[in-house]
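I opened a fresh notebook page for this one and went looking for the core, the empty spaces and one residue worth a closer look. Here is what I had on screen.

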Amino acid sequence: MIFQKIKDIDLNNLEDFKDKIFLTFDVDWCSDEILNYTLNIIEKYDVKSTFFITHRTSILSRMRSDQNIELGIHPNFNPLLNGDFKYGKNTDDVINYFKNIVPESLSIRSHSLTQNSYILDNLEKFGLKYDCNNFIPFSLNNQNKPYKHWTNNLIRVPHFWEDGICIKYKWGYDLEKYLKYKGIKVFDFHPIHIFLNTEDLSRYEKTKNFHLNFEKLNKFRNKNYGTENFLIDLLQTKNE
């Protein structure tokens, strides 16, 4: 399989995505150790990928130096919805806050997939061209395709697989069935699940209070097959 970045998607050549994998990662404020752990895996296989960034970190320089990596933004609107203005007093402020972290970003996926018509209609003015907030589950067997937003040139890119949802829905890790999927194959991983090698969400939940404590977290890693193993199996399909 060929791996591509989200920003490589061309609506004028939709047939192009059928034999490609779009590997995406929601960083979700993970520690530098955990982010580096994921990057070490990705760099080993020399594949293209898209990371949706949540915070400033010195690791961004490492990612920017890798031509295989696209940096997008992962804005968090949840505080604003709860009356907390930590990221800004309106949705434009929030987008601008995260855009200042990754000024070069062309792609966006919101934390919690928060979206509405107003946000979508205004993304272009921030230089954002690809919205990745639509999750259409693999289990529905729809043939997902990217499409143009109804009011502007924004391209909306649905994803069909997400690590936590795969676990919750008990889809299993049969890689072949995902590779046979006929729609656009956008996978959504989280570095925390890769490091924990999560196979059950209870493992993630019981470690929430010390996700930034790398040494303590290391003791809770799953030693059987889990998210990290699935990612590596997926990466090993490169050029098959």
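My entries follow, from the overall fold down to a single side chain.

**Entry 1: the whole chain**

I started by noting that this is a predicted model. I then looked up the secondary structure and found eleven helices and ten strands. The C-alpha atoms fill a box of roughly 45 × 40 × 35 Å along the principal axes. I also checked the radius of gyration: the protein has 17 Å, which agrees with the value near 18 Å that a compact globule of 240 residues would have. Buried residues make up 55% of the 240. For contacts with a separation of 6 or more, I found that 66% join residues 24 or more positions apart.

**Entry 2: the nonpolar cores**

Next I asked which residues touch the most other members of the largest nonpolar core. They are L23, F51, M63, F187 and F189, in a core of 58 residues. Helix α1 (residues 32-45) gives this core its largest share, six residues. A second, separate core has eleven residues, including I9, F52, C132 and V157. I jotted a reminder here that nonpolar side chains tend to be buried together in soluble globular proteins.

I picked F187 for a contact list, leaving out residues up to four places away in sequence. F187 touches I21, F22, L23 and T24. Its list also holds F160, W161, Y178, F230 and L234. One of these partners, L23, is itself among the residues that touch the most other core members.

**Entry 3: the cavity**

I turned to empty space next. How many cavities of 30 Å³ or more are there? The count comes to one, and the volume of the largest cavity is about 60 Å³. Its lining consists of D8, I9, D10, N13, L14, D16, F17, K20 and F22. By class I get four nonpolar, one polar and four charged residues. I noticed two names from Entry 2 in this lining: I9, a member of the second core, and F22, a contact of F187.

**Entry 4: the pockets**

The largest pocket holds about 700 Å³ of space. I found 28 residues in its lining, and D28, H111, E162, H190 and Y204 lie nearest the centre. The elements that give two or more residues to this lining are α6 (163-169), α8 (191-196) and α9 (201-206). The lining has ten nonpolar, ten polar and eight charged residues.

The second largest pocket has about 170 Å³ of space. K5, K7, M63, R64, D66, Q67, I69, E70, L71, E104 and L106 line this pocket. Both α2 (59-64) and β4 (69-73) supply at least two lining residues, and β4 gives the most, with three. By class, I wrote down four nonpolar, one polar and six charged. M63 turns up again in this lining, after its place among the most-touching members of the largest core.

**Entry 5: a closer look at L120**

I finished on L120, which is found in helix α5 (residues 117-122). Is L120 buried or exposed? Its relative accessible area is 3%, so L120 is buried, the cut-off being under 20%. Beyond its neighbours within four places in sequence, L120 is in contact with Q115, D131, H149, N152, L154 and R156. I looked further at N152: its C-alpha atom is 9.0 Å from that of L120, and the two are 32 residues apart along the chain.

Key. Residues are numbered from 1 along each chain as its sequence is written. This is a predicted model: local features need pLDDT of at least 70, side-chain atom pairs count only at pLDDT 80 or more; totals for chains, interfaces and linings use all residues. Side-chain values use heavy atoms; hydrogens and water are left out. A nonpolar core is a set of buried Ala, Val, Leu, Ile, Met, Phe, Trp, Tyr and Cys residues joined through side-chain atoms within 4.5 Å. Buried means under 20% relative accessible area, exposed over 50%, partly exposed in between (1.4 Å probe, protein chains only). Helices (H or I, at least four residues) and strands (E, at least two) are DSSP runs, numbered from the N terminus. Contact means heavy atoms within 4.5 Å. On a 1 Å grid over the protein atoms alone, a cavity is a set of points where a 1.4 Å probe fits but cannot get out, and a pocket is an open set with protein on both sides within 12 Å along at least five of seven lines; lining residues have an atom within 4 Å of a point. Grid points are joined across faces, edges and corners, and a volume is the space filled by probe spheres set on the points. Ala, Val, Leu, Ile, Met, Phe, Trp, Tyr, Cys and Pro count as nonpolar, Asp, Glu, Lys and Arg as charged, and the others, Gly among them, as polar. The radius of gyration is taken over C-alpha atoms; the globule rule is 2.2 Å times the number of residues to the power 0.38.
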